[in-house]
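Biologist: I would like to learn how to read a structural model with care, feature by feature. Could we go through one together, starting with a single residue and its surroundings?

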Amino acid sequence: MIVDPVEALKKTVSATATVVPTASVSPVPTVVPSLPEYQTASETGNRTLWVVFVVMLVASVVFSGMSWSVPMSKRLYHVITTLITITAALSYFAMASGHGASYHHVVERESHQHVPDTTHDIYREVYYARYIDWSITTPLLLLDLCLLAGMNGGSILIAIVADLIMILTGLFAAYGAEGTPQKWGWYAIACIAYLVVIWQLAYHGRGMAMNKGGKVGNFF
C-alpha cells in the first residue's frame with residue numbers, strides 16, 4: 001500500500017498537538033448615562049398653593065372691608081395688613097399657576113472605579129415669586145410691628161434694610177452653585193441680617209412696647 005507522506009505528516013501533527021486554552025476576555029466596562037432629574041413640587045404641594053391663594057384672597061377682602069369701618073386717620077394698620085395679604089395672594093397665584101418658578105441646574109459628579117467619572121444633571125424648582133413676595137410683605141410686617149411698638153425711624157430703617165438683605169442673599173444662595181464658598185457666604189450673610197432684625201424687634205421694639213404698657217406691652 002502506498003502511503004502519502006504529506007497525509008501521514010498531517011495525521012501525526014494533529015495527534016500530537018496540544019490544545020492551548022484561550023484566555024477569557026472580560027467585557028469592556030461601560031457606563032449608562034443617567035437621565036436628568038427634575039425636583040419639583042408634588043401634586044399635593046400644587047394644591048396647597050391654590051388653597052393658600054384662596055385663603056389670602058379671602059383675607060384681603062375681609063381686611064379691606066374692616067378698613068372701611070375705621071376712620072381714615074386710624075386706618076394705617078388696616079391698609080398695611082391688607083397690602084400684605086394682597087401681595088401674598090398674587091405671589092401664591094403665580095406659584096400655583098407655574099409662572100412664579102424656574103429651574104436651577106445643578107451638576108453632580110459621580111465617581112467610578114474602572115471608568116471615567118460621570119455627571120448627573122439635576123433641575124431644582126425654585127419659587128422666585130416667594131422671594132419677591134417676602135421682599136414686599138416682610139418689610140410691611142416689620143413696619144406694622146415697629147409702628148405699633150413706637151420705635152424710632154432709625155431703628156425701623158435698620159430692621160427693614162436688614163430684612164431685605166436677608167431675603168436677597170437667600171435668593172442668591174438658592175441659585176448658587178452647590179458646595180461653593182460663595183453659596184455658604186450668601187447663607188452666612190442672610191443669617192447675620194436675620195439676627196439684626198431679631199435684635200431690633202426683641203431689644204428696641206420690646207423696650208419701647210413695654211414703656212407703652214397695656215396690650216402693646218403684653219403683645220411684645
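Biologist: Which residues does Thr87 touch, not counting residues up to four places away in sequence?

Modeller: Bear in mind throughout that this is a predicted model. With that said, Thr87 touches Asp133, Ile136 and Thr137 once residues up to four places away in sequence are set aside. Thr87 itself is found in helix α3, which covers residues 76-96, while Asp133 belongs to helix α4, residues 128-149.

Biologist: Is Thr87 buried or exposed?

Modeller: Thr87 has a relative accessible area of 17%, and because the cut-off for buried is under 20%, Thr87 counts as buried. Its contact partner Asp133 is also classed as buried, at 3% relative accessibility.

Biologist: Asp133 carries a carboxyl group, so how should I think about a charged side chain there, and which residue forms a salt bridge with Asp133?

Modeller: The general idea is that side chains of opposite charge can pair when their charged atoms come close. In this model Asp133 forms a salt bridge with Arg130, and the closest N and O atoms are 2.2 Å apart. The two residues are 3 apart in helix α4, so about one helical turn separates them.

Biologist: How many salt bridges does the count come to?

Modeller: The count comes to 2 salt bridges. Besides the one between Asp133 and Arg130, there is a salt bridge in which the side chains of Arg47 and Glu43 meet, at 3.8 Å from N to O. Arg47 and Glu43 lie 4 residues apart in helix α2, which again means a separation of about one helical turn. As for their setting, Arg47 is exposed and so is Glu43, whereas Asp133 is buried.

Biologist: Cysteines are what I would look at next. How many disulfides does a search of the whole structure find?

Modeller: A disulfide is a covalent bond between the sulfur atoms of two cysteines. The search of the whole structure finds 0 disulfides. Two of the cysteines can still be described by their exposure: Cys146 is buried, at 0% relative accessibility, while Cys191 is partly exposed, with a relative accessible area of 32%.

Biologist: Let me step back to the chain as a whole. How many helices and strands does the secondary structure come to?

Modeller: The chain has 7 helices and 3 strands, and from the N terminus on the elements run α-β-α-α-β-β-α-α-α-α. Of the 220 residues in the chain, 29% are buried. If one takes contacts between residues at least 6 apart in sequence, 67% of them join residues at least 24 apart.

Biologist: Could you show me pairs of residues that are distant along the chain, with the separation of their C-alpha atoms?

Modeller: Val54, in helix α2 (residues 43-68), and Phe93 are 39 residues apart along the chain, with C-alpha atoms separated by 8.8 Å. Likewise, Met210, placed in helix α6, and Ala149 are 61 residues apart along the chain, and their C-alpha atoms are separated by 8.3 Å. Val54 is partly exposed, with a relative accessible area of 45%, and Met210 is partly exposed as well, at 45% relative accessibility.

Biologist: What about the surface, and which residues form a nonpolar patch there?

Modeller: The chain exposes about 14900 Å², and carbon and sulfur atoms supply 69% of that area. A nonpolar patch on the surface is formed by Leu157, Val161, Ile165, Leu168, Phe172, Trp186 and Ile189, which together have about 600 Å² of accessible area. The elements giving two or more residues to this patch are α5 (153-174) and α6 (181-212), and α5 provides the largest share, 5 residues. Trp186, found in helix α6, is partly exposed at 32% relative accessibility.

Biologist: Which residues does the UniProt annotation "transmembrane region" cover?

Modeller: According to the unreviewed UniProt entry, that annotation covers residues 49-69, 76-95, 156-178 and 184-203. One can then ask what the model shows over such spans. Residues 76-95 are 100% helix and 0% strand, and their end C-alpha atoms lie 29 Å apart. Over residues 156-178 the chain is 83% helix and 0% strand, with the end C-alpha atoms 35 Å apart.

Note on methods
Residues numbered from 1 in each chain as written. Predicted model: local features only at pLDDT ≥ 70, side-chain atom pairs only at ≥ 80, totals over all residues. Heavy atoms only, no water. Buried < 20%, exposed > 50% of the residue type's maximum accessible area, 1.4 Å probe, protein only. Salt bridge = Lys/Arg side-chain N within 4 Å of Asp/Glu carboxyl O. Disulfide = S-S within 2.5 Å. Contact = heavy atoms within 4.5 Å. Areas by Shrake-Rupley, 256 points an atom, 1.4 Å probe, with all protein chains shown as cover. Patch = residues over 30% accessible without salt bridge, like charges linked within 9 Å, V, L, I, M, F, W, Y side chains within 5 Å. UniProt positions renumbered as here; feature names shortened; annotations may be inferred.
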